[in-house]
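User: Hi! Could you walk me through this structure?
Analyst: Happy to; here it is.

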Amino acid sequence: MNSGALFTAVFLACAVEAVEALTIVLAAGTARDWRSAGMGVVSALLVLTAVVAVFGSALSVIPLGGLRLVVGGLLLIFGLQWLRKAVLRASGYKALHDEDAIFRTELAAAQAAPTRRRGAVRDWYAFTLSFKGVLLEGLEVAFIALTFGSNQHDLPLAAIAALSAVVVVAGAGFAVRYPLARLPENTMKFVVGVMLTAFGVFWGSEGAGAHWPGSDAALLVLVPAVALFALALVGLLRRGVATPSTAGGES
Amino acid sequence: MITRIRAFLAFWYDFVVGDDWRVAVAVVVALALTFGATRAGVPAWWILPVAVAVMLPVSLWRVARKSAKRASESVAAVEPPREPR
């Protein structure tokens, strides 16, 4: 896997998570209090930094074989979750992820909640809403960057890709003060699901001791093969769905 | 305290395992099989791709089947009763 592929994979995956976190923070700031929402973001980033520092140093002392087995397995489970949801969305069994609608829902919920002050935080609701959003989505960003970076022995590049994604998405979002609804998020999620699954299969097998024919070049076959397989499943499922997007398979 | 521990465990379960626990179990079993096969000197790179090729459609099919069942139940609920002959 070359540096460009590593950067693209981490950047795309982290951009998707950043869009979700941004939607929640913008809802908390717009409907409630920007200062409290900002404090929530800063607090979540501090917790995330501590988590990354602990896990990052732990990853460097684990032998590569064991690391690839655990990380490959986790990445594969993670990737299959994404891919499963992406296929269900694309085939109409699950509603499409609509950041615009999520923003409106979060906004309405935030406006309805009562204001409560706690210590230096003027609005506790805005603080916890943005804290939770940034921490949860940030954990996924950290997990992706750490696993990809440590497996490819290029943690700095993975970290730069993750930070670039967060900076680009946050910059664009705050410039327009609105969720990035025009971003093709469902397509990006499909691509990320394919990548996580393919890399999970590759690293998981290698971690368990298997050797891929062609070594790293096997990824050039695995990634398109997973993509084609997922697209074929979308085609098959679309035949069975009665009314697209309203079939109500999963919420 | 117990509620917080439960919430903490539920968060990690949801974060790692997700909507379908069978997928996670299948991945763990496939990894164990790969490990066992390589120890026995058998080429094992194909085991995980086969597991994905089987597990993903099975997981999706379960959702599709549930959806079809729910749809047929709702149709049956709104259908007027037939007149006696």
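Analyst: One term before we start: a nonpolar core is a set of buried Ala, Val, Leu, Ile, Met, Phe, Trp, Tyr and Cys residues joined through C-beta atoms within 7 Å. Please keep in mind that this is a predicted model.

User: Thanks! So how many residues are in the largest nonpolar core, and which have the most contacts inside it?
Analyst: The largest nonpolar core holds 89 residues, and the ones with the most contacts inside it are A:Val10, A:Cys14 and A:Ala145. Helix α1 of chain A, residues 3-31, gives the most to this core, contributing 16 residues.

User: What does A:Val10 touch?
Analyst: Leaving out residues up to four places away in sequence, A:Val10 touches A:Ile144, A:Ala145, A:Phe148, A:Ala158, A:Ala161 and A:Ala162.

User: And how do the axes of α1(A) and α5(A) cross?
Analyst: The axes of α1(A) and helix α5 of chain A (residues 124-151) come within 8 Å and cross at roughly 175 degrees. Angles over 145 degrees count as roughly antiparallel, so α1(A) is roughly antiparallel to α5(A). The residues of that contact are 17 nonpolar, 4 polar and 4 charged.

User: Nice. Stepping back, how many helices and strands does chain A have?
Analyst: Chain A has 8 helices and 0 strands. Along the sequence the pattern reads α-α-α-α-α-α-α-α.

User: What share of chain A is buried?
Analyst: Buried residues make up 47% of the 251 residues in chain A. As for contacts in chain A between residues at least 6 apart in sequence, 85% join residues at least 24 apart.

User: Changing topic: how many residues does each chain bring to the contact between chain A and chain B?
Analyst: Chain B brings 30 residues and chain A brings 31 residues. On the side of chain B that touches chain A, the elements giving two or more residues are α2 (21-39) and α3 (47-78) of chain B. The largest share of that side comes from α3(B), with 14 residues. By class, the side of chain B that touches chain A has 20 nonpolar, 5 polar and 5 charged residues.

User: What about α1(B), is it buried or in the open?
Analyst: Of the 15 residues of α1(B), the number buried is 0, so α1(B) lies largely in the open.

User: And how far apart are its end C-alpha atoms?
Analyst: They are 21 Å apart, which agrees with the 21 Å that the 15 residues of helix α1 of chain B (residues 2-16) should span at 1.5 Å a residue.

User: What follows α1(B)?
Analyst: B:Gly18 follows α1(B), and the phi of B:Gly18 is positive, near 85 degrees.

Methods. Residues are numbered from 1 along each chain as its sequence is written. Chains are lettered from A and ligands numbered from 1 in the order in which they are written. This is a predicted model: local features need pLDDT of at least 70, side-chain atom pairs count only at pLDDT 80 or more; totals for chains, interfaces and linings use all residues. A residue is buried if 20 or more other C-beta atoms lie within 10 Å of its own, exposed if 12 or fewer, and partly exposed in between; C-beta atoms are placed from the backbone. Helices (H or I, at least four residues) and strands (E, at least two) are DSSP runs, numbered from the N terminus. Two residues are in contact if their C-beta atoms, placed from the backbone, lie within 7 Å. Axes are lines fitted to C-alpha atoms, for helices over the stretch in contact, and angles run from 0 to 180 degrees between N-to-C directions. Angles under 35 degrees count as roughly parallel, over 145 as roughly antiparallel, 65 to 115 as roughly perpendicular and the rest as oblique. Ala, Val, Leu, Ile, Met, Phe, Trp, Tyr, Cys and Pro count as nonpolar, Asp, Glu, Lys and Arg as charged, and the others, Gly among them, as polar. The expected span of a helix is 1.5 Å times one less than its number of residues.
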